[in-house]
Amino acid sequence: MSDQEEQGEALADVPTHDRPRERMRRLGIGSLTDDEVLALVLGSGQTGRSVLALARSVLRRTGGFPGLATMDFARLERLPGVGPATAGRLVAITEIWRRAGASSAWTRLVDHKTIADVVRPELLHRDSERFLVVVADRAARPIELVLMRDGGVDETTVQPADVLQAVLTRGGRSFAVAHNHPSGVLDASVADIMLTRRLDQAAATLGLRFLGHILVAGESWTALPVGGSGATGSAASARGRGTSSRGGSRGAA
């Protein structure tokens with residue numbers, strides 16, 4: 001469908017009680033379509049095109065909300081009808097969502113699921129591969145979330161010495177790591193598994209507790225196997241609907 005075909009009915013021509021804001025007030029935000037939710041954020045359309053038509057065009061070009069959430073400022077402002085002000089608003093809304101998810105999940109890291117809850121907001125809907133370190137105290141309470149790499153994560157770009165330095169310089173006594181696969185493929189590579197084992201061994205030499213390595217892909221995650229130490233519970237048992245495999249404990253979002 002071309003943009004010319006997406007002119008749509010002007011919002012002023014829609015009966016007041018049927019407009020997105022009024023329906024949201026009466027029925028709640030869950031009653032709105034994706035187009036209508038985004039239209040509330042955009043606020044206005046373009047000359048000759050309604051805000052609902054603009055919202056529909058943006059979602060079509062980006063692949064819906066999951067795709068929209070991966071877009072950075074530079075790509076958003078190049079979309080027809082968006083521009084810098086709206087791009088900034090969209091990026092800010094996505095960041096609020098990520099930070100809210102991260103802050104609400106910061107509890108003691110008692111198992112792989114609690115680690116996944118901390119890291120997933122930082123790894124979901126990213127179009128580059130990120131590597132995070134969760135620095136925690138002796139009781140496995142998170143101290144800080146550290147972004148070690150953004151793009152091209154493997155055992156050659158992430159060294160155990162760098163991870164341990166990040167932990168020790170922040171006063172950590174335990175830690176977990178996590179990374180994502182933007183491809184959506186959850187299977188761990190040989191490099192992922194080797195890095196996990198090297199981190200486990202390196203932590204033991206310094207008296208640190210390695211809590212685990214979480215891999216996030218799409219809406220799912222898995223805990224990579226380590227040779228001994230790790231979180232005190234399995235993701236499968238904690239979630240109640242994961243499946244155990246040789247690749248580690250798995251969980252679904």
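**Close-up views of a predicted model**

A search of the whole structure, which is a predicted model, finds 13 salt bridges. The views below take up several of these pairs together with the nonpolar cores, two helices and the parts of the chain with low confidence.

**View 1. Salt bridges around R75.** The side chains of R75 and D127 meet in a salt bridge, with 2.5 Å from N to O. This pair links distant parts of the chain, since R75 belongs to helix α5 and D127 to the loop between α7 and β1, the two residues being 52 apart. R75 also takes part in a salt bridge with D72, for which the closest N and O atoms are 3.7 Å apart. R75 is partly exposed, with a relative accessible area of 28%, and D72 likewise counts as partly exposed, at 39% relative accessibility. D127 is partly exposed as well, its relative accessible area being 49%. Side chains of opposite charge can pair when their charged atoms come close.

**View 2. L76 in helix α5.** L76 is found in helix α5, which covers residues 73-77. With a relative accessible area of 1%, L76 is buried because this value falls under the 20% cut-off. Leaving aside residues up to four places away in sequence, L76 touches L68, M71, V82, A87, L90 and V91. For one of these partners, A87, the C-alpha atom is separated from that of L76 by 5.3 Å, although the two residues are 11 apart along the chain.

**View 3. The largest nonpolar core and a second, separate core.** The largest nonpolar core has 19 residues, of which L109, V119, V134 and I214 touch the most other members. At least two residues of this core come from each of α7 (112-123), β1 (130-136), β3 (174-180), β4 (209-217) and β5 (220-224). Among the contributors, α7 gives the most, with 5 residues. L109 touches T114, I115, V118, V134, A136, A140, P142 and L211, when residues up to four places away in sequence are not counted. A second core, separate from the one just described, has 18 residues, including F131, V146, F175 and V177. In soluble globular proteins, nonpolar side chains tend to be buried together.

**View 4. Helix α7 and its two ends.** Because 10 of the 12 residues of α7 are buried, this helix is largely enclosed by the rest of the structure. The buried residues are H112, T114, I115, A116, V118, V119, R120, P121, E122 and L123, a list in which charged side chains such as R120 and E122 stand beside nonpolar ones such as I115 and V118. At 1.5 Å a residue, the 12 residues of α7 should span 16 Å, and the end C-alpha atoms are 16 Å apart, in agreement with that expectation. The N-terminal end of α7 is capped by D111, from which a side-chain oxygen lies 3.2 Å from the backbone nitrogen of K113. Just after α7, H125 takes a positive phi of about 55°.

**View 5. The D137–R141 pair and a salt-bridge network.** D137 forms a salt bridge with R141, in which the closest N and O atoms are 2.8 Å apart. D137 is buried, with a relative accessible area of 17%, whereas R141 is partly exposed, with a relative accessible area of 47%. Salt bridges that share partners also join E122, R126, R130 and D150 into one network.

**View 6. Helix α9 and the elements it packs against.** Helix α9 comprises residues 190-205, and its 16 residues should span 22 Å at 1.5 Å a residue; the end C-alpha atoms are 23 Å apart, which agrees. Within α9, the residues D192, L195, T196, L199, D200, A202 and A203 are buried. These buried residues of α9 pack against β1, α8 (160-168), β3, β4 and β5. After α9 comes G207, whose phi is positive, near 75°.

**View 7. Confidence along the chain.** The mean pLDDT of the chain is 80, and 79% of its residues reach 70 or more. Over residues 1-5 the pLDDT is below 50, and this stretch has 6 contacts in the model beyond near neighbours in sequence. Over residues 228-248 the pLDDT also stays under 50, and here the model has 50 contacts beyond four places in sequence.

Note on methods: Residues numbered from 1 in each chain as written. Heavy atoms only, no water. Core = buried A, V, L, I, M, F, W, Y, C linked by side-chain atoms within 4.5 Å. Buried < 20%, exposed > 50% of the residue type's maximum accessible area, 1.4 Å probe, protein only. Helix = DSSP H or I, 4+ residues; strand = E, 2+ residues; numbered from the N terminus. Contact = heavy atoms within 4.5 Å. Salt bridge = Lys/Arg side-chain N within 4 Å of Asp/Glu carboxyl O. Expected span 1.5 Å × (residues − 1). Polar contact = N/O pair within 3.5 Å; in protein donor to acceptor, adjacent residues only side chain to side chain. pLDDT = per-residue confidence, 0-100.
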